[in-house]
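Biologist: Let us go through this protein step by step. I ask, you reason from the coordinates.

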Amino acid sequence: VQLQASGGGLAQAGGPLRLSCEASGLTFSLTFSSYHMGWFRQDPGKEREFVAAINWSGGVTHYADSVKGRFTISRDNAKNTVWLQMDSLKPEDTAVYYCVAVRRDRGSVRNTREAEWDSWGQGTLVTVSS
């Protein structure tokens with residue numbers, strides 16, 4: 001599966017921003033609903049960190065404590081798309097955000113380590129100004 005993230009840019013602290021990630025390269029046997037989806041982020045000079053994940057059906061979500069209550073992950077399997085709605089943004093949310101995927105028979109929505117997600121998008125930069 002190939003992942004294309006978009007929607008990054010400059011946002012004001014306290015404001016919203018929504019990231020999108022569209023999947024392609026899917027097949028008859030491996031559809032979008034074959035995958036759990038997630039988001040990681042990386043600030044320069046820091047390690048990449050888990051942000052949020054959603055299971056194949058959209059019925060289960062998991063968030064990092066740092067974004068819980070502010071970010072919402074959702075998906076539409078008919079559109080092969082996952083979103084990350086980011087509200088109440090803080091300057092410390094500034095990072096490159098990566099869309100990730102793992103086959104549901106090979107991983108869990110509660111995976112928070114990079115190595116547990118085997119497909120990565122190219123990243124989209126989010127900058128939050130104070």
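Modeller: Ready. The model is predicted. Its secondary structure comes to zero helices and eleven strands.

Biologist: What pattern does the protein follow along the sequence?

Modeller: There are zero helices to place. Read along the sequence, the pattern is therefore strands throughout, given strands as DSSP runs. Written out, the pattern is β-β-β-β-β-β-β-β-β-β-β.

Biologist: What radius of gyration does the protein have, against that of a compact globule?

Modeller: The C-alpha atoms fill a box of roughly 45 × 25 × 25 Å along the principal axes. For 130 residues, a compact globule would have a radius near 14 Å. The model agrees with that, at 14 Å.

Biologist: Which residues of strand E1 are buried?

Modeller: In a regular strand the side chains alternate between the two faces of the sheet. E1 covers residues 2-6 and shows this alternation. Gln2, Gln4 and Ser6 point to one face and are not buried. The buried ones, on the other face, are Leu3 and Ala5.

Biologist: What is the bridge partner of Leu3 in E3?

Modeller: E1 and strand E3 (residues 17-24) run antiparallel. Five bridges join them. In E3, the partner of Leu3 is Ala23.

Biologist: Which strand gives the most to the largest nonpolar core?

Modeller: In soluble globular proteins, nonpolar side chains tend to be buried together. Here the largest nonpolar core has 36 residues, and those with the most contacts inside it are Met37, Trp39, Val82, Leu84, Met86 and Tyr97. E1, E3, E4, E5, E7, E8, E9 and E11 each supply at least two residues of this core. With six residues, the top contributor is E9.

Biologist: Is Ser20 buried or exposed?

Modeller: Ser20 sits in strand E3. Leaving aside neighbours within four places in sequence, its contacts are Gln4, Ala5, Ser6, Trp39, Val82 and Trp83. Its relative accessible area is 18%, under the 20% cut-off, so Ser20 is buried.

Biologist: Which residue's side chain makes a polar contact of 3.4 Å with that of Ser20?

Modeller: Two of the residues in contact with Ser20 are Val82 and Trp83. Val82 also lists Ser20 among its contacts, including Leu19, Cys21 and Phe32. The side chain in the 3.4 Å polar contact belongs to Trp83.

Biologist: Where is Asn55, and is it buried or exposed?

Modeller: Asn55 lies in the loop between strand E5 (49-54) and strand E6 (61-63). Beyond four places in sequence, Asn55 touches His36, Val60, Arg75 and Val109. Its relative accessibility is 10%, so Asn55 counts as buried.

Biologist: Which residue's backbone nitrogen lies 3.0 Å from a polar atom of the Asn55 side chain?

Modeller: Asn55 is a loop residue. The distance of 3.0 Å is within the 3.5 Å cut-off for a polar contact. The backbone nitrogen belongs to Gly58.

Biologist: What is the phi of Asn80?

Modeller: Most residues other than glycine have a negative phi. Asn80 is found in the loop between E7 and E8. At 24% relative accessibility, Asn80 counts as partly exposed. Its phi is positive, near 55°.

Biologist: And what is the relative accessible area of Ser88?

Modeller: Ser88 is found in the loop between E8 and E9. Ser88 has a positive phi of about 50°, although it is not a glycine. Ser88 is partly exposed, with a relative accessible area of 40%.

Note on methods: Residues are numbered from 1 along each chain as its sequence is written. This is a predicted model: local features need pLDDT of at least 70, side-chain atom pairs count only at pLDDT 80 or more; totals for chains, interfaces and linings use all residues. Side-chain values use heavy atoms; hydrogens and water are left out. Helices (H or I, at least four residues) and strands (E, at least two) are DSSP runs, numbered from the N terminus. Buried means under 20% relative accessible area, exposed over 50%, partly exposed in between (1.4 Å probe, protein chains only). A polar contact is a pair of N or O atoms within 3.5 Å; within protein, one must be able to donate a hydrogen and the other to accept it, and residues adjacent in sequence count only if both atoms are side-chain atoms. Contact means heavy atoms within 4.5 Å. Two strands pair if DSSP finds at least two bridges between them. The radius of gyration is taken over C-alpha atoms; the globule rule is 2.2 Å times the number of residues to the power 0.38. A nonpolar core is a set of buried Ala, Val, Leu, Ile, Met, Phe, Trp, Tyr and Cys residues joined through side-chain atoms within 4.5 Å.
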